[in-house]
Amino acid sequence: MPVWLKIITAIVAVALVGGLAFAGFWFIRLQNNISKAPLNAGGSGTEGPVNDATGRMQILILGSDTRDGKNSEYGTSDDSTGYGKSDVMMLMDISEDNKRVSVISFPRDLLVNIPACKDSKTGREYPARSGVMINEAMGEAGIGCAVDTVNKLTGLEVDHFMMADFNAVKELSNAVGGVDVCVSDAIYDPDSRLRLPAGTSAVQGEQALAFLRTRHAFADGGDLGRIQAQQGFLSSLTRKIKDEGTLSDPARMLKIADVVTQNLTVDEGLASVPTLLTIGNRLKDIDLGKVAFVSVPTTPAVADPNRLEIAEPAGSQLFTALQKDVDLTDPTAPTTPSPTESPSPSATPTETEAPLPPYNKALQPVSVANGSGVPGRAQEIVQALVSGGFTQAAQFEAQAIAQSGVYYGANYADVAADAAALLGIPASQVIPAPGVSGVQVYLGSDFTSGATYGSGSGTALPGDIVNQTAGDARCQQANPELIVR
């Protein structure tokens, strides 16, 4: 072998060995950084494991208020008992085609029903609770209880979770060289120690954390203003990472990955470097205009006006849209039904019943319950039923629900099937109900227009459901009480 070829061969061999050693070092380092916890705390899912590369995926993102370790300067351990409370709670929903992401924020003051949960470490079981702030869900039984609570509230099945603490925000903002945020006026919040001039500033470290933690600096000083500021921060961070090509720069990605994994707790399914890299790769080419930031619709709670509850029908409309994988930036865009939306053979009421003799439609007791949230909606459906021969149709207002259905009493299966077919309601949503006299068409927030189910403008959603997209650069409105004159 010529001397020059031997030299080149040796150089290539050294480079390969060095590269493998470098990659091995970083793999082991990042893998050892990761902390993990169970995905659930008693709730069991019906869906199989998601394909991390191609499947539709929901990740619950939590910010812990724990004061342990590096976070002790923000209070004592008494300020955050047990596993700590979720200071931030967002559900990130990645579409199967990797073309859009929805980020849904849950106010920590939101009152919800927390299911029964079991602490995987101690084995202690905690009973279900009603009307409890959502940020308390993980305080006793751990992160899995927060996941189970969101599943129960939304009707979804969260695939993964990521939980970070205060220190993660500081170190990540430092790693990217600061994040641009904008405020309408100069402000100072003594509680969070946030101090910013009017206009755009690059925040990092303590000021980045203060921007995300402040409860008083924005809008009217409530939790909803805080959520919009958090969404604005994440939008700006997303733009910076994408515009600067960070996702395509191995050196910068390793630096950020090192910072993030040192301050991150994930479920077993995410607790590997290849999985985290796979998900990161899914996000790198998404159009910023298709990264939608949304707040769960809320209203002051009846039981306590200082707390919040889900606003209906907007809340049910949002959760229905999420279940159907609707593009929140364009609800009229077509969606591909998931396998769970296909009619179940066991749900078809007439499959196992003997054929019934013909009946007179004009004599059948059919009522329309309006749970759509749209005033006068029942009258439209009554007219459609009358036109179809059900001339005895009646109507009344009812409690808001997400999904429409046709319910029937004994001996009315055939009438219910025909009424459902007339309105285009799937057989899987025709349900026996012994307490119903005759047939009841119950309208939900998924059937708010037209006389045929699934027609019209698609899934109903409030017009302002999207607060902003990652492509929007917005200024936060300062709380007048904290403006520096």
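Start by selecting helix H5 (residues 206-213) together with helix H6 (residues 223-243): the two pack at an angle of about 140 degrees, and their axes lie 8 Å apart. That angle falls short of the over-145 range that counts as roughly antiparallel, so H5 and H6 are oblique to each other. Keep in mind throughout the tour that this is a predicted model.

Now show the side chains where these helices touch. From H5, pick Ala 208, Phe 211, Leu 212 and Arg 213; they meet Arg 226, Ala 229, Gln 230 and Phe 233 of H6. Colour them by class and you will find five nonpolar, one polar and two charged residues in the contact of H5 with H6.

**Zoom out for a moment**

Show the whole chain as a cartoon. Its secondary structure comes to 11 helices and 23 strands. Of the 485 residues in the chain, 46% are buried. Among contacts with a separation of 6 or more, 73% are between residues 24 or more positions apart.

**Helix H4 and its two ends**

Next, select helix H4, residues 166-175. Which of its residues are buried? They are Phe 166, Asn 167, Ala 168, Lys 170, Ser 173 and Ala 175. Add Asp 165 to the view, and you will see the cap on the N-terminal end of H4: a side-chain oxygen of Asp 165 sits 3.2 Å from the backbone nitrogen of Asn 167. Then go to the other side of the helix, where Gly 177, just after H4, takes a positive phi of about 80 degrees.

**The disulfides**

Time to look for sulfur. The structure holds two disulfides, and with bonded cysteines counted along the chain, their pattern is 1-2, 3-4.

Begin with Cys 117 and Cys 145, joined with an S to S distance of 2.1 Å. Cys 117 belongs to strand S6 (residues 117-118) and Cys 145 to helix H3 (residues 143-154), so this pair links distant parts of the chain, 28 residues apart. Look along the bond: the link of Cys 117 and Cys 145 has 80 degrees about S-S and is right-handed. Both Cys 117 and Cys 145 are buried.

Move on to Cys 182 and Cys 475, where the S to S distance is 1.6 Å. Cys 182 lies in strand S10 (residues 179-183), while Cys 475 is in the segment after strand S23 (466-469), so the pair ties together parts that are 293 residues apart in sequence. Turn on the surface here and check each partner. Cys 182 has a relative accessible area of 13%, so it is buried; Cys 475, at 43%, is partly exposed.

**Two loop residues to finish**

Select Asn 135, in the loop between strand S8 (129-133) and helix H2 (137-141). Is Asn 135 buried or exposed? Its relative accessible area is 7%, and buried means under 20%, so Asn 135 is buried. To see what surrounds it, show Lys 85, Ser 86 and Arg 108, the residues in contact with Asn 135 once its neighbours within four places in sequence are left aside.

For your last stop, choose Ala 303, in the loop between strand S16 (298-300) and strand S17 (308-310). Its relative accessible area is 75%, so Ala 303 is exposed. Add Leu 111 and draw a distance between the C-alpha atoms: Ala 303 and Leu 111 are 9.6 Å apart in space, though 192 residues apart in sequence.

Technical notes:
Residues are numbered from 1 along each chain as its sequence is written. This is a predicted model: local features need pLDDT of at least 70, side-chain atom pairs count only at pLDDT 80 or more; totals for chains, interfaces and linings use all residues. Side-chain values use heavy atoms; hydrogens and water are left out. Buried means under 20% relative accessible area, exposed over 50%, partly exposed in between (1.4 Å probe, protein chains only). Helices (H or I, at least four residues) and strands (E, at least two) are DSSP runs, numbered from the N terminus. A polar contact is a pair of N or O atoms within 3.5 Å; within protein, one must be able to donate a hydrogen and the other to accept it, and residues adjacent in sequence count only if both atoms are side-chain atoms. Axes are lines fitted to C-alpha atoms, for helices over the stretch in contact, and angles run from 0 to 180 degrees between N-to-C directions. Angles under 35 degrees count as roughly parallel, over 145 as roughly antiparallel, 65 to 115 as roughly perpendicular and the rest as oblique. Contact means heavy atoms within 4.5 Å. Ala, Val, Leu, Ile, Met, Phe, Trp, Tyr, Cys and Pro count as nonpolar, Asp, Glu, Lys and Arg as charged, and the others, Gly among them, as polar. A disulfide is a pair of cysteine sulfur atoms within 2.5 Å.
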